[in-house]
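The following exercises are intended for a reader who meets this structure for the first time. Each exercise sets a task and then works through a solution step by step.

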Amino acid sequence: IRRQIVAVPLLTEWGPEKLSLDRNSVVLMLGGARGIAAQVANKLAEQYGCRFEIVGRTPMVGPEDAATLAIPDFQGLRDHFIRSRIFKKPAEIEAECRRILNDREMRETFEKLKALGCRTRYHCFDVRNKAKLVGLIDELYAHGRIDGVIHAAGVLRDSLILEKTAESFKLVFETKVNPAEVLEAKLQ
């Protein structure tokens, strides 16, 4: 048997034939309002305008400080903090730059969902907490329904296998598996 690779078009558009969601549908999003979870939420919002119940670990962010608002990127933020001498250690500067950019991404996600007419609620807790996730699912069913779930929660702890710790493995594993166990047990 001779095998050959054949190019096929990628699925770039979701349509009604793929998902049966509408403006009244409720989608539970695990993984916060950044990264892949935000990209999926934005695409669903554009296509269906559904309601989102978003769960993430990062606390809801307020407005950005005026001193950094006009600085567009990581390098600009880093330069600003080096000049300002607010932070003493390079690691503190790096962390603050990442925090600001992450907060911006969260704000942008919620602003886009709102602009698309989507109702959105944010729940701040770690999805490894099974009791909290069970409580949220029970609340959603008590006051309505759940029409879809996106489980995009994850934690990166990349390293060589020889450098892995039991603690980092547990964090990565439980962030994926604990919510999956709750979803399997609780979704109707």
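**Exercise 1. Confidence**

In which element of the protein is confidence lowest, and in which is it highest?

*Solution.* The model is predicted, and confidence is therefore the natural starting point of the reading where local detail is concerned, since coordinates with low pLDDT should not be read in detail. Across the protein the average pLDDT is 90, and 94% of the residues score at least 70. By element, the lowest confidence belongs to α1, with a mean of 92. The highest belongs to helix α4 (residues 130–142), at 97.

**Exercise 2. The sheet**

Determine the order of the strands in the sheet and state which strands stand at its edges.

*Solution.* Step one is the order: four strands make up an open sheet, arranged β3-β2-β1-β4, with parallel pairing. Step two is the edges: β3 (120–124) and β4 (148–151) have a single partner strand each, so one side of each remains without a neighbour in the sheet. From one strand to the next, the twist averages 15°.

Step three looks at one pair in detail. Strand β2 (residues 51–56) and β3 run parallel and are joined by five bridges. Within this pairing, Val-55 is found opposite His-123 of β3.

Step four adds a helix. Helix α5 (residues 166–186) lies across β1 (26–30) and β4, and its direction makes an angle of about 165° with β4.

**Exercise 3. The nonpolar cores**

Identify the elements that supply the largest nonpolar core, and the element that gives the most to it.

*Solution.* The largest nonpolar core comprises 20 residues. Among those with the most contacts inside it are Val-27, Leu-44, Phe-52 and Leu-113. At least two residues of this core come from each of β1, α1 (35–48), β2 and α3 (90–115). The greatest contribution is that of α1, with six residues.

Phe-52 serves as a worked case. Setting aside residues up to four places away in sequence, Phe-52 touches Val-27, Met-29, Ala-41, Leu-44, Ala-45, Leu-113, Cys-118, Arg-119, Thr-120 and Arg-121. A second core, separate from the one above, has 14 residues, including Leu-28, Val-55, Val-127 and Tyr-141.

**Exercise 4. A polar residue of α1**

Is Asn-42 buried or exposed, and which residues does Asn-42 contact?

*Solution.* Asn-42 is located in helix α1. The relative accessible area of Asn-42 is 15%, and the cut-off for buried is under 20%, so Asn-42 is buried. Apart from neighbours within four places in sequence, the contacts of Asn-42 are Thr-109, Lys-112, Leu-113 and Leu-116.

**Exercise 5. Salt bridges**

Which parts of the protein does the salt bridge between Arg-121 and Glu-139 tie together?

*Solution.* The total is 12 salt bridges. The side chains of Arg-121 and Glu-139 form one of them, with an N to O distance of 2.9 Å. Arg-121 belongs to strand β3 and Glu-139 to helix α4, so the pair ties together parts 18 residues apart in sequence. Arg-121 is partly exposed at 36% relative accessible area, and Glu-139 is partly exposed at 32%. Both residues are linked with Arg-51 and Glu-53 in a network of salt bridges.

A second case joins two helices. Lys-130 and Glu-181 form a salt bridge whose closest N and O atoms are 2.5 Å apart. Because Lys-130 is in helix α4 and Glu-181 in helix α5, this pair connects parts that are 51 residues apart in sequence.

A third case stays within one helix. Asp-103 forms a salt bridge with Arg-99, at 2.5 Å between the closest N and O atoms. Both residues lie in helix α3, four residues apart, about one turn of the helix. Asp-103 is buried, at 8% relative accessibility, whereas Arg-99 is partly exposed, at 39%.

**Exercise 6. A backbone angle**

Is the phi of Arg-85 positive or negative, and where is Arg-85 placed?

*Solution.* As background, most residues other than glycine have a negative phi. The phi of Arg-85 is near 60°, a positive value in a residue that is not glycine. Arg-85 sits in the loop between α2 (74–84) and α3. With a relative accessible area of 64%, Arg-85 is exposed.

Technical notes
Residues are numbered from 1 along each chain as its sequence is written. This is a predicted model: local features need pLDDT of at least 70, side-chain atom pairs count only at pLDDT 80 or more; totals for chains, interfaces and linings use all residues. Side-chain values use heavy atoms; hydrogens and water are left out. Two strands pair if DSSP finds at least two bridges between them. Axes are lines fitted to C-alpha atoms, for helices over the stretch in contact, and angles run from 0 to 180 degrees between N-to-C directions. Contact means heavy atoms within 4.5 Å. A nonpolar core is a set of buried Ala, Val, Leu, Ile, Met, Phe, Trp, Tyr and Cys residues joined through side-chain atoms within 4.5 Å. Buried means under 20% relative accessible area, exposed over 50%, partly exposed in between (1.4 Å probe, protein chains only). pLDDT is the predictor's confidence in each residue, from 0 to 100. A salt bridge is a side-chain nitrogen of Lys or Arg within 4 Å of a carboxyl oxygen of Asp or Glu.
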